[in-house]
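Dear colleague,

Please find below the structure that I am handing over to you. My notes on what was found in it follow directly after.

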Amino acid sequence: MEVDWTLLESNQRLQRENCARAAGKLLAAAGSEVSQSVKDRASSLLCHDQWEGRHGGLLLLQECLKWYQQGKLDPSSHAQWADVCIKLLSDKEVRVRKTSGAVIALLCKLVGLKLYDEKVAQPLLASIESNMNLERDGQAFLDDDEETKKLTEKLLAGEGARQMKQASSRASRASSMQSTIFHDTAGWGTLETDMSCLQQVIASLGAEFAPRLDSQGEVAELLCTAALHMNRFVREEAFRSLEAVIQSLHDADNERSSPDAAETQSEFLLDDFAQSSDVVARLGSGLCDEWGNVRMQASVALRCFLVSLQTSLRRQPFYHELMPKFCLNRYNMADGVSSYTRETWQLIIGARGRETVLEWLPHLVPFYIMQTRVSNSEARVAAAKCIGELAARIDKASVSTYAPDLFEALIPRLSRHDAWEVKEAACSALLELVRTFPDRFNLSANFPELVPSLSAILADKTWSVREGSALVLGELVKVSEEDAAGSVWELCLDGLTSASKEVDEREKYGKEDLAEVKRERDNDFSLHSNQDALDCCAVGDLDEDDSEQLGKLSLSKIYNRAQQQKLDMGFNSWERTDGCLYLVRELGLSNRWSGAAERWEKALMLVASSSEVRHFVKHLALLRTLWKVLPEIAKVIGAEIFNKHLGGFAGSLAYSLSCEDRLTVQAAEHCLLELNRCIGNDRLSECFRQHDPAFLDQISAHLPEPTGKNAVS
């Protein structure tokens, strides 16, 4: 078997790896006959001038050590190789450093703890400690590197950046920009790869490494410090290392308690380490980290920790720190974090989920409230979902004490400054609280910011937020007194006229054809420039406002309060009408005015009128919402009232069925089928015929064959 050794110096990683694997097969076939030549070749490559050659030498050495491991042979040159690999941990090429760390871990696994103590511990831990607090600006490690300079030029590209670089008075700002670019990624020397090397060494030695894991020792101190490091990649490696530490101590505990052990343990090493060090606190901070990858790795370390503790009795002392974060991450927006945490929850808590939440409720509620105020939007979403869970699934009497504080914590999350996911989750949580505590949370309660905030997000840019607001307002109407509910009805009717006030885009762009208007709008520089950026860490206005009671609700008081709070109500936007269409449906489902024919006739006239607007591009989105809610409105108000106004929708239905937007066509078709089931084919056709026979043939083509019978009399 022949190997092209020159490929170990190739500039393509795949070729270097394939060559190393081929050398591994050669060792497996020829054994000791070629082992010396392979070792010599690896040793020479480790000192190569080019990083590709050094990397190829490390890959070859890795295959050589695996061969020694399989044959249970003693690699006589381990000390020499360890020295070279330690030196390569400071190489400027990250791929060399990573592979060097893997080789060092493999050497430690072959030789044992002695090699770590004699060759690895001192230089590795010293490097980690020295790099932990590197100055970010003016590093020789970065500034002397050509690739880093190229990356800096690329990141500083663009007209504005070039002007900044050319202006001598702004030189310091360019340096500051470079610092900002690198501070969270490349500005920490070899720290990340050193942490990775330490993690692999601990994992490879397993229980043998346990004697070096004193709670006040250097390893524990460095890992706990790294878990709070400002660089997210360093934090991620720190939690990966903590997982290896936990597993090492657990394996050592198992060996001490095995039947072959000389004596039975009186204490667990893992429990003692966790109680006397900051590891549990660091796990808690990692579970709240703003970066999903760090949270994920902390969640992996948490599962390892809880599983290693084995019994609920051993876990109990650590729940005070971990349980609130553990509960919150079940609803984390990162699917990997949430699904992994739920699996851990099932594994550890099992069928005692509600009992566990109830037991730790005094610790959970303050944490949830605090998380609604943090800068990370994902944490605010999770906190809102957890609050909704308390209202929907936990014993009402137990949650009742905390309900007002939870409710008040959610209202600021309806702010227009917040991310749409946060507003959507806050609406869902508010809905559950209103359903669970209708006597405490209604339109007569002292929450002056609630209705104005909900009214404002009826015009939100995101449809699910508009619908969520309508759901909450509908539920509030359902549980409130008649005089308070009337203001929401007026709010709804007023909002149904907003679409007609939208800017006439046909006049604005001087086009009549919808496709041409859309093309002009899509390329309107002023429309798409200088807009508020959606900041994933935006937290909104958290200042405490006065608690002045809104008093008896009226439309003018709601609008005045909104103006005081500087809320954007969207009075001239189609989105407000869209939100009010959802609200019409919810007001119908509340059964508050089920027999009030005059009210519903007025509402249906406004709804039909809103369906006729055509002067802006987004009117198709408005029509889709209308066809979505119209069948449900028909069901709740009854055929007698609805049939009188059905003809008013005929023209808009025909328009929607013939337009070029497939989503609108599908929504209209679905609406027709639902109305057909609700009213009956004959009555539906008759209503359209009486209004305008011209539309009947077009609409009938989308209906099933008439049966001569009405579905509902």
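**Findings**

K325 is buried, with a relative accessible area of 13%, which falls under the 20% limit for that class. Please bear in mind that this is a predicted model. The side chain of K325 forms a salt bridge with that of E321, at 3.1 Å from N to O. Both residues belong to helix 17 (residues 312-328), where they stand four residues apart, about one turn of the helix. In general, an α-helix has 3.6 residues a turn, so residues three or four places apart point the same way. E321 has a relative accessibility of 28% and therefore counts as partly exposed.

**The chain overall**

The protein chain contains 38 helices and zero strands. Of its 713 residues, 52% are buried. When contacts between residues at least 6 apart in sequence are considered, 74% of them join residues at least 24 apart.

**Other salt bridges**

A search of the whole structure gives 30 salt bridges. As a general point, side chains of opposite charge can pair when their charged atoms come close. Two further pairs are described here.

In one of them, the side chains of K461 and E575 meet at 3.4 Å, N to O. K461 is in the loop between helix 25 (450-457) and helix 26 (463-479), and E575 is in helix 31 (residues 574-589), so this pair ties together parts that are 114 residues apart in sequence. Are the two partners buried or exposed? K461 is exposed, at 68% relative accessible area, whereas E575 is buried, at 7% relative accessibility.

In the other, R624 pairs with D661, and the closest N and O atoms are 3.0 Å apart. This salt bridge links distant parts of the chain, with R624 in helix 33 (residues 619-637) and D661 in the loop between helix 35 (650-658) and helix 36 (662-679), 37 residues apart. R624 counts as partly exposed at 27% relative accessibility, and D661 counts as partly exposed at 24%. Separately, E467, R585, E586, K628 and E632 are joined into one network by salt bridges that share partners.

**Helix 33 and its surroundings**

T625 is also placed in helix 33. With a relative accessibility of 6%, T625 counts as buried. Leaving out residues up to four places away in sequence, T625 touches D578, L581 and Y582. T625 and T664 are 39 residues apart in sequence, and their C-alpha atoms are 9.1 Å apart in space.

The axes of helix 33 and helix 34 (residues 639-646) come within 7 Å and cross at roughly 135 degrees. That angle makes helix 33 oblique to helix 34. Helix 33 contributes L630, A634 and I637 to the contact, and helix 34 contributes A639, I641 and F642. By class, the residues of this contact are six nonpolar, no polar and no charged.

**Helix 16 and helix 13**

How far apart are the end C-alpha atoms of helix 16 (residues 292-309)? They are 26 Å apart, which agrees with the 26 Å that its 18 residues should span at 1.5 Å a residue. Of these 18 residues, 14 are buried, so helix 16 is largely enclosed by the rest of the structure. Just after helix 16, Q310 takes a positive phi of about 70 degrees.

Helix 13 (residues 232-256) packs with helix 16 at an angle of about 10 degrees, and their axes are 8 Å apart. The two helices are therefore roughly parallel. On the side of helix 13, the residues in contact are R232, R235, E236, F239, R240, E243, I246, Q247 and H250; these meet N293, V294, Q297, A298, V300, A301, C304, F305 and S308 of helix 16. The contact of helix 13 with helix 16 has eight nonpolar, five polar and five charged residues.

H229 lies in the loop between helix 12 (218-226) and helix 13. H229 is buried, with a relative accessible area of 6%. Apart from its neighbours within four places in sequence, H229 is in contact with M132, W188, L191, V234 and R235. R235 is also one of the helix 13 residues that meet helix 16.

Yours sincerely

Notes:
Residues are numbered from 1 along each chain as its sequence is written. This is a predicted model: local features need pLDDT of at least 70, side-chain atom pairs count only at pLDDT 80 or more; totals for chains, interfaces and linings use all residues. Side-chain values use heavy atoms; hydrogens and water are left out. The expected span of a helix is 1.5 Å times one less than its number of residues. Buried means under 20% relative accessible area, exposed over 50%, partly exposed in between (1.4 Å probe, protein chains only). A salt bridge is a side-chain nitrogen of Lys or Arg within 4 Å of a carboxyl oxygen of Asp or Glu. Axes are lines fitted to C-alpha atoms, for helices over the stretch in contact, and angles run from 0 to 180 degrees between N-to-C directions. Angles under 35 degrees count as roughly parallel, over 145 as roughly antiparallel, 65 to 115 as roughly perpendicular and the rest as oblique. Contact means heavy atoms within 4.5 Å. Ala, Val, Leu, Ile, Met, Phe, Trp, Tyr, Cys and Pro count as nonpolar, Asp, Glu, Lys and Arg as charged, and the others, Gly among them, as polar.
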